[in-house]
Every structure is written in C-alpha cells, then in structure tokens.
Amino acid sequence: MKLDRKEVQKLESFFQRRFNSKGITIRPRPRKDDSAEVYFGDEFVGVLFRDDEEGELSYNFTMAILDIDLEEA
C-alpha cells in the first residue's frame, strides 16, 4: 500500500516530537512507495515501512547499527 505525502508529514512530526528534534526528516524512497527513509540531519538512519494488514494500519521503523558506529560512542 502506498505511503503518501500526508502520511510522511504526519510521521515526520511524530518523530520530531517523540525524539525532541527538528533535525529528523522523513523522505520518500526512490522507486518505492510503501516506505520512506528517515534522516537525522544529512545522515540516513533507517527505513519506515507502512503496514496495512487486515484493516489495521501501523508503521515499522528499521534501523541498522554497525559495530564501527558503536566505537564512536
């Protein structure tokens, strides 16, 4: 199912409020309409998927954390 621009805007507002950061943006993915990319500033942090199963709508956020990223902490 398609993730439209209005949903992207609502989700972006949710992420910004939840994580108290206006630096989070959500951008549509090229050639994919069921998901969007999540960025913190210019850094890609994960993918947000739309899941509309049996009439229940939800969104799943997937973020990979590389071991080399943990060394920076």
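Two strands count as paired if DSSP finds at least two bridges between them. Hi everyone, let me start from that rule, with β3 and β4 as the example. These strands pair in the antiparallel sense over seven bridges. By strand I mean a DSSP run of E of at least two residues, and by helix a run of H or I of at least four, both numbered from the N terminus.

Before I go on, a word about the model. It is predicted, so to speak of local features I need pLDDT of at least 70, and side-chain atom pairs count only at pLDDT 80 or more, while totals for chains, interfaces and linings use all residues. Residues are numbered from 1 along each chain as its sequence is written, and side-chain values use heavy atoms, with hydrogens and water left out.

Now the overview. The chain has two helices and four strands, and along the sequence they follow the pattern α-β-β-β-β-α. Its C-alpha trace spans about 40 × 25 × 25 Å along the principal axes. Of the 73 residues, 27% count as buried. Here buried means under 20% relative accessible area, exposed means over 50%, and partly exposed is in between, with a 1.4 Å probe and protein chains only. If you like contact order, take contacts with a separation of 6 or more: residues 24 or more positions apart account for 20% of them. A contact is a case of heavy atoms within 4.5 Å.

On to the sheet. What is the order of its four strands? They form an open sheet, β1-β2-β3-β4, with antiparallel pairing. The edge strands are β1 and β4, each pairing on one side only. From one strand to the next, the twist averages 25 degrees. For angles like this, axes are lines fitted to C-alpha atoms, for helices over the stretch in contact, and the angles run from 0 to 180 degrees between N-to-C directions. As a reminder, strands of a sheet pair through backbone hydrogen bonds, either parallel or antiparallel.

Let's look at the two ends of the sheet. Five bridges join β1 to β2, and I26 stands opposite V38 in β2. In the loop between β1 (24-28) and β2 (35-40) we find D33, and R31 is in that loop too. R31 has a positive phi of about 65 degrees although it is not a glycine. Is R31 buried or exposed? It counts as exposed because its relative accessible area is 83%. D33 is at 44%, so it counts as partly exposed.

Back to β3 and β4. D52 has L57, in β4, as its bridge partner. The hairpin has two residues between the strands, and there E54 takes a positive phi near 55 degrees. Like R31, E54 is not a glycine. With 77% relative accessibility, E54 is exposed.

Now for helix α1, residues 5-18. The helix packs on the sheet, touching β1, β2, β3 and β4, and its direction makes about 160 degrees with that of β1. Here is a quick sanity check: at 1.5 Å a residue, the 14 residues of α1 should span 20 Å, and its end C-alpha atoms are 20 Å apart, which agrees. The expected span is 1.5 Å times one less than the number of residues.

Which residues of α1 are buried? They are E7, V8, L11, E12, F15 and Q16. Seen down the axis, they fall within an arc of 165 degrees, so they line one face of the helix. That arc is taken over the directions from the helix axis to the C-beta atoms. The general background is that an α-helix has 3.6 residues a turn, so residues three or four places apart point the same way. On the face turned away from the buried side sit the exposed residues K6, K10 and R17.

Let me finish with the polar details. At the start of α1, a side-chain oxygen of D4 reaches to within 3.2 Å of the backbone nitrogen of K6. Such a polar contact is a pair of N or O atoms within 3.5 Å; within protein, one must be able to donate a hydrogen and the other to accept it, and residues adjacent in sequence count only if both atoms are side-chain atoms. Further along α1, Q16 is buried at 14% relative accessible area. A polar atom of its side chain lies 2.8 Å from the backbone oxygen of I24. Leaving out residues up to four places away in sequence, Q16 touches S21, K22 and I24. Just after α1, N20 takes a positive phi of about 50 degrees. Thanks for listening!
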